[in-house]
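Here is a short walk through the structure shown below. We'll take the folds and packing piece by piece, then turn to where the chains meet.

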Amino acid sequence: MTGKGLILVVEDNEANQMLVRAVLELEGYRVELAGSADEALEQLRDSPPDLILMDVQLPGEDGLSLTRRIKADPATCAIPVVALTAHAMTGDRELALNAGCAGYISKPIDTRTFGLQVTQYLVDNPNRGRVVAL
Amino acid sequence: MKELVPYLQDATAVAFVALGVVTALTWLRRRDRSLAFLALAIILLSAVSGLGRLQAHISIMLPFLGPIELLAFVGTAYALLLYRNSLIPLPRRWHAAALVSLVAASVLIVAALALSLNRVLLTVIAVGFVLVWSACVAEPALRFWLAARRLPAVQAWRLRSLSLGFGGIVAVLLFAVSVGLLVRQPVIQVVVEVVVLAIIPLLYASFSPPAWLRRQWRAEEEEGLRGFMEDLLVSEDRDALASRAVEWAMRLVGGGSAVLFDASGKPTTSRGLEAAQVAAIGVDAAGLDEGLNRIRLDGVDRNALSVPVKGLTASANLVVLAGPFTPTFGGEETTRMQQLMSAFVTALDRRQLIQELEQSNAALMEANKHKSVFLANMSHELRTPLNSIIGFSELLTDARDGQFDEATRKRFVGQIMTSGKHLLGLINDILDLSKVEAGQMELRLNVMSVAESVDQVIKTVEPLAAKKSITLKSSAADAGDVLADPGKVKQMLLNLVSNAIKFTSEGGSVTISALRLKDMLEISVADTGIGIADADQKSIFQEFHQLDQGPGRKHEGTGLGLALTRRFALLHGGDVRVTSRVNKGSVFTLILPIRVGAPPALAPVPVAKNGHGSGPLVLVVEDDPAAAELLTRQLVAAGYRTEVARTGSEALARARQLQPAAITLDIILPEVDGWEVITRLKSDEETSRIPIVVVSVVDNPELGLALGAIDYLVKPIEASDLIERLNRFNLKRVSAQDGIRVLVVDDEPANRTLLTKALEPAGFTVFPASGGREAIELAKSLQPDLVLLDLMMPEVTGFDVVEALRANESTRDTPIMVLTATSLSEADKRLLNGRVSKILSRGSVATTDIVGLLKRVVAHRNGLT
């Protein structure tokens, strides 16, 4: 495994895609982008990431529903999913965690600590390093 | 014991006579035909008793006393039979048989007495006579008793007392015949007299029961009524309740039938009446007095109680008619009926009010829910662009030299700009909505070309449509002109068209077409998109309403666009309609009146010739005598009294002293300036409630003092918008060689640079000035074609600059364009923290508007106090 790991960013807003990619790449991660649930599933099949950053509001199937599917699928359930969303009202964090997210980061992000936060979720992942049967 | 008997006999006789006299008097007073036979029976019975006792006290034998007494005795029985016949008809055969028996028995006994028959025979005949008499009296008594079993309490008790009274007489008589005549025991005689004495009140009660007794009879019904009152609180069915209320009113007062008329006189429910009878009562119903009435029904006068029923949500008139068994109607019954009906109608009102409360509560909850959803959406919508604005700026700020190449940096900055613009659009929508909601959105009406507007909108959305390969078509060339606010029309169309594009999938089409009708202009935007279900078509125009809500909704937006569009259309006197089929597409039609009608006339204010009439007093604070004169004339012509204050300190003193209905205030004043005056007026309890209208500079060309700016712009300024506006004014050039010379006055260097960058490429020559003083100097020396002026500057303000330029011969005609942070009124309002009712911007408001505004302000104030 080269670098710090592969992160799949599921996000439909172009500006935010670019921002998250720029910040993560500065931190040394490799980044794959997906603009919708379908694209994300495709990416998951082709190159399973170490972590998924999940926007909630997506065209078509929303991010929480996609998270539930990822968590229900034995092939992908070990990959930690972190919600990255502008839904920052009371209860939104619980919604995300109930859907199976390992964590929740609200927008706007702090680019100075964002990399650390992501790294933390990777380190905390109990499934890290475990061999996943495909 | 023996000595007691004659006294008791006397007492009985006296009581009977009293009963007869009272009954006769009562009947004469009321002349109630239905009670005539009963009255007669009672009077005759008392006559028998009285005459019999009279004979015992006088020594001489009165002639014919025996026959008279006999006749009265027989008459009693027959009168009671007739009364029974009037209430419960007696079969003709029985009637005849009774009459014949009575006559025969009477003739026999008279004959037996006259012929002095032997004792045994006489006794036999006498017993036969008594039996016949008793049968004729006992039959009605028994019949009444049986009838009472099926009747409500009040009527039943009246019949029972009648039955007991006459039945008692029969019993006593038969007892006396069988026992008393044979065994003349004093004890038995005493018992008989006492029983008879007890019977007398019963007879009276059956004829004319007193109020207290009727109340007692009613007590039994009151028990049952409680259940109805409980039902009143819970039952939903108004008609069923009304019907039961009528039933209970009838039972309570012992009425025979009843009908309830609604407020318009239409019968709503009735009991014991046929349709024709109800109609007949209805004819008289309106003319009935409250309380006791006589109603002629089927040729018979009937007693009736009429009670008006008044409530918040229902009013009616209840009429209860006396039936055959009804005891007396009186004030007591009227009162009780009123009590019942007002309790009934109060319960109906209560139910109605609760329903209304529940409905409005549900509507409020719904609105509140929408607001919460809106807030959540808004938070999301604001955070999304903020994420890239803050994120990219942080990245750029923190970047080491050479970390990002030039292209990357440009992309980052481009994202910041795009997101910033998006955010601005969002905030403008919110502000627009709050303005519309506060009733502060004003239209700037102009004659505008529909085709031009449509073209502009199409140009704006072309890139958006091209991205989704959506075909844009338009046909608006023949739509002509319309009087409307061009900015708002464009905004409405833009909204409808971008919605159409948003909800149409790739390869679809969006068509804008304008149709000119007689008074209306219809601009429709048709798409081939996802469509809207019928059930949702109404709610899409509600503020804060989006069809797909919550996380995962497919389409971005604040949920304000359509609501705003509709509000704008309504402001124009038009509307927005939608027709749509799911998966086929939608057509949104914007309807605008071709000529917006005159604003609704304001309530006329009494006209006062000079400043001393009766209209509301306006304190005009203005240092310029000419401007003060102009304002005063306009106000007096509109019916106000006016007083003028020329300085700030004078204004403060006079406001306290005069307590005017409103104050018009110039901002530029000697001594104490306008802002200070407002602050002091608002901090003084005595003057804090007086509305203030700021008239910073009055547009008054008549006096050659038109200090008005020709236009104003709102920051942040779009360069293209600025150029377009400048070109529109066809500015006069001082020197033909140069471009148009613009003096840009702004204390913020960034703004000066921005304006210069925007203007120079378009061929303008820009002269920057960083303050008011410099601006005045430059304006005099350079003689620019236009001054772009920021109003809010330290030291010498934009207001000062305007004044100075107007006062100078060489710069008097130089056009001035005012730049403010937001629209002038909004900015100044914020500065004043909402303490000013209204601020007028110069040049854009005609003098008539000031008068109209004052009227509104004064009317509002009067409405409050």
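## Chain A, element by element

Going from the N terminus, chain A runs β-α-β-α-β-α-β-α-β-α. That gives 5 helices and 5 strands. Keep in mind that this is a predicted model. Of the 134 residues in chain A, 43% are buried. As for contacts in chain A with a separation of 6 or more, 59% of them link residues that are 24 or more positions apart.

The 5 strands of chain A make an open sheet, ordered E2-E1-E3-E4-E5, with parallel pairing. At the edges sit E2 (30-34) and E5 (103-106) of chain A, each of which pairs on one side only. From one strand to the next, the twist averages 20°.

Now zoom in on one pair of that sheet. E1(A) and E2(A) pair in the parallel sense over 5 bridges, and A:Leu8 has A:Glu32 in E2(A) as its bridge partner. H2(A) packs on the sheet here, touching E1 and E2 of chain A, and its direction makes about 140° with that of E2(A).

H3(A) is worth a look too. Which of its residues are buried? They are A:Gly63, A:Leu64, A:Leu66, A:Thr67 and A:Ile70. Looking down the axis of H3(A), these buried residues fall within an arc of 155°, so they line one face of the helix. What do they pack against? The partners in chain A are three strands and two helices, namely E1 (6-10), E3 (51-54), E4 (81-85), H2 (37-46) and H4 (92-98).

## Where A meets B

How many residues of chain A are in contact with chain B? There are 24 of them, and they touch 22 residues of chain B. On the chain A side, the elements that give two or more residues are H1 (14-26), H3 (63-72) and H5 (111-124). H1(A) supplies the largest share, with 6 residues. Sorted by class, this side of chain A has 14 nonpolar, 7 polar and 3 charged residues. So H3(A) turns up twice in this story: it has buried residues that pack against other elements of chain A, and it also gives residues to the side that touches chain B.

## A few corners of chain B

Over in chain B, strand E12 (residues 585-593) has two antiparallel partners among the pairs below.

| Strand pair | Sense | Bridges | Facing residues |
|---|---|---|---|
| E10(B) (520-527) and E12(B) | antiparallel | 7 bridges | B:Ser524 and B:Thr589 |
| E11(B) (575-581) and E12(B) | antiparallel | 7 bridges | B:Val576 and B:Leu590 |

E11(B) and E12(B) form a hairpin with 3 residues between the strands, and B:Asn583 takes a positive phi near 65° there.

There's also a helix pair to check out. The axes of H14 (residues 486-502) and H15 (residues 561-571) of chain B come within 9 Å and cross at roughly 145°. The crossing of H14(B) past H15(B) is left-handed. On the H14(B) side, the contact uses B:Lys488, B:Gln491, B:Met492, B:Asn495, B:Leu496 and B:Asn499. Facing them in H15(B) are B:Gly561, B:Leu564, B:Thr565, B:Phe568 and B:Ala569. By class, this contact has 5 nonpolar, 5 polar and 1 charged residues.

Key
Residues numbered from 1 in each chain as written. Chains lettered and ligands numbered in written order. Predicted model: local features only at pLDDT ≥ 70, side-chain atom pairs only at ≥ 80, totals over all residues. Helix = DSSP H or I, 4+ residues; strand = E, 2+ residues; numbered from the N terminus. Buried ≥ 20, exposed ≤ 12 C-beta atoms within 10 Å, placed from the backbone. Contact = placed C-beta atoms within 7 Å. Nonpolar A, V, L, I, M, F, W, Y, C, P; charged D, E, K, R; others polar. Arc of directions from axis to C-beta. Pairing = 2+ DSSP bridges. Axes fitted to C-alpha atoms, helices over the stretch in contact; angles between N-to-C directions. Left-handed = near helix turned anticlockwise from the far one by under 90°.
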